[in-house]
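Trainee: Let us go through this chain together. I will ask for the reasoning behind each label.

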Amino acid sequence: MEPSYTSNKFGFPHLQPPLMEAVAGKFAEMPQEILMDIFALLDTPDLVRAGSVCCSWNSAYTSIRSFGQYKWPQTPCLIYTSESASDNVAFIYSLEEKRTYKLTLPEPPIHRRYLIGSSNGWLVTADERSEMHLVNPITSEQISLPSVITIEHVSPILDENGAICKYRYSRHTADPVVGPPSTYSLSTLRDSFFHKALLFFTSVGSYIVVLIHNPFGQLSFARSGDEKWTWLPPHSHFEDCIYKDGLLYAVTLLGQIITFDLSGTVVTTKIIMDRKDTYGAERVYIVEDPFGDLLLVRRPEVSIKEAPAEQGHEHNVCASQATYESRSWRIAIYKVCAASGKLVQINDLDDHVLFLGHSQSLCLSAEEYPQVKPNHVYLTDDFKSVSLKCRLRRRLVIGMLNLETKIMDEFVSPRPWSNCMAPLLMILNPRKMDLAFHS
């Protein structure tokens, strides 16, 4: 018998239904060990639904989550909010099932937050006060990150009662100040300040959150338990980062790659790729492939200006296939040779697939993830300035690029999300944070 689940007014099933007893025949009488072996092969939506069938299945589901025993690689999905839904509702679109699920997440309202990054199954969000939180959309866990006023470039402005009413934003790097400070309201600082934030597990019981922020793409980080952010001068213009072999690897817009050892009280750095490439309006990513090699990826910052809305279709933000195909997609992929300081261009990914955007950059084996297409690049919009993107009425560039044909297809049409807050690609993680720390 198929498990039951509730639906909202849009017809999207709720991914976290209350536990319901159901007639599951002899399946409910299976030994827990066998149920766990079966459940370990399920993708996250199926795993969550299986846990709602009956008490026996829920026990197996809980054990799978507790010990991290799910074996099947979790297929990436899109997560987004919708203007048509209530404030605490988010949605995931499963690339495997080609369907959308509803999630109810804790306060502050997810619809009013900016999604500024995701990695390891967690979202990094900025709320209406520009304060950041980690959120696991499957477990509904939430962790408040250190206050934005502890970042080097932000200081509070207090009202007559001593409460924070505005922020002062300083535009300085390790070099002299490049301009006078600006004043922002609590909600508008996030429009221009945040670029990308990522969570990395560093050891058992520890994690770091790395924030790429303005001015000029600088880095700050916070370890688990920290009360403030630590600034990483003097470098700037960072675009992306990953955590590998105990080191943070960060890439700049110029193609320079710098490692940071964040394990001690003093941060040590090393430049492993010292380049001064020419660049235009583009994004740069650093990725680890399944063989452990580093890849550097460049892609143009392409956007499509919104056409005048037809009457009755003011929220239609879908770009046509013809519009996509008419553009030249100049994505360039290189293998990084740290020993020689050189890049070797790669013309195709063979049976691998790339995921790029505001999420952690990933290179996966299509053989292990059969629901995605090999030699494709899955892209989500990561234009740096939310306010500029909204002001220019830019359409979101979201799709999958065939590296052989250079043709871009959309993930799903019509698009149910809002125009300015782009969906994120992420791999769901049903394991709780504290259990992950003690595995």
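**Reasons behind the labels**

Mentor: Start with helix α1, residues 32-39, whose buried residues are Leu-35, Met-36 and Phe-39. Keep in mind that this is a predicted model.

Trainee: What puts the buried residues of α1 on the same side?

Mentor: They cover an arc of only 100° around the axis, so they lie on the same side of α1. The general rule fits here: an α-helix has 3.6 residues a turn, so residues three or four places apart point the same way.

Trainee: How many helices and strands are there in the chain?

Mentor: The chain has 7 helices and 30 strands. Of its 439 residues, 54% are buried. The exposed surface of the chain is about 19100 Å², and carbon and sulfur atoms supply 52% of it. Now take contacts between residues at least 6 apart in sequence: 55% of them join residues at least 24 apart.

Trainee: Why is Thr-252 called buried?

Mentor: The cut-off for buried is under 20% relative accessible area. Thr-252 has 2% relative accessibility, so it counts as buried. Thr-252 belongs to strand β16, residues 247-252.

Trainee: Which residues is Thr-252 in contact with, leaving aside its neighbours within four places in sequence?

Mentor: Ser-236, His-237, Phe-238, Glu-239 and Val-284 are in contact with Thr-252.

Trainee: What makes β16 largely enclosed by the rest of the structure?

Mentor: The count of buried residues. In β16, 5 of the 6 residues are buried, so the strand is largely enclosed by the rest of the structure.

Trainee: How do you know that β15 and β16 pair?

Mentor: Pairing takes at least two bridges. Strand β15, residues 238-244, is joined to β16 by 6 bridges, so the pair passes. The two strands run antiparallel. In that ladder, Asp-240 stands opposite Val-251. The hairpin of β15 and β16 has 2 residues between the strands, and Asp-245 there takes a positive phi near 55°.

Trainee: How many bridges support the pairing of β16 and β17?

Mentor: There are 4 bridges between β16 and strand β17, residues 257-261, in the antiparallel sense. Set against at least two, that is enough, so β16 and β17 count as paired. Leu-248 stands opposite Phe-260 in β17. These strands form a hairpin too, with 4 residues between them. Gly-255 in its turn has a positive phi of about 95°.

Trainee: Why does Tyr-184 count as buried?

Mentor: Its relative accessibility is 15%, and buried means under 20%, so Tyr-184 qualifies. Tyr-184 is found in strand β10, residues 182-185. Not counting residues up to four places away in sequence, it touches Lys-166, Tyr-167, Tyr-169, Arg-171, Leu-189 and Ser-192.

Trainee: How far apart are Tyr-184 and Ile-157 in space?

Mentor: They are 9.6 Å apart, C-alpha to C-alpha, and 27 residues apart in sequence.

Trainee: Now the sheets. What makes β4 and β7 edge strands?

Mentor: First the layout: 4 strands form an open sheet in the order β4-β5-β6-β7, with antiparallel pairing. β4 (114-119) and β7 (142-144) each pair on one side only, and these are the edge strands. From one strand to the next, the twist averages 25°. Within this sheet, β5 (residues 122-126) and β6 (residues 132-135) run antiparallel and are joined by 4 bridges. Thr-125 stands opposite His-133 in β6.

Trainee: Which strands make up the open sheet with mixed pairing?

Mentor: That sheet has 5 strands, in the order β25-β24-β26-β28-β29. β25 (362-365) and β29 (408-409) each have a single partner strand, so one side of each is left without a neighbour in the sheet. That is why they stand at the edges. Strand β24, residues 352-356, is joined to β25 by 4 bridges, and the two run antiparallel. Cys-363 in β25 is the bridge partner of Leu-354.

Trainee: How many disulfides does the rule give?

Mentor: The test asks for a pair of cysteine sulfur atoms within 2.5 Å. By that rule the count is 0 disulfides.

Trainee: Why are Cys-55 and Cys-337 called partly exposed?

Mentor: Partly exposed lies between the buried limit, under 20%, and the exposed limit, over 50%. Cys-55 has a relative accessible area of 46%, so it is partly exposed. Cys-337 has 33%, so the label applies there as well.

Technical notes:
Residues are numbered from 1 along each chain as its sequence is written. This is a predicted model: local features need pLDDT of at least 70, side-chain atom pairs count only at pLDDT 80 or more; totals for chains, interfaces and linings use all residues. Side-chain values use heavy atoms; hydrogens and water are left out. Axes are lines fitted to C-alpha atoms, for helices over the stretch in contact, and angles run from 0 to 180 degrees between N-to-C directions. Buried means under 20% relative accessible area, exposed over 50%, partly exposed in between (1.4 Å probe, protein chains only). The arc is that of the directions from the helix axis to the C-beta atoms. Contact means heavy atoms within 4.5 Å. Accessible areas come from the Shrake-Rupley method with a 1.4 Å probe; for residues, only the protein chains shown count as cover.
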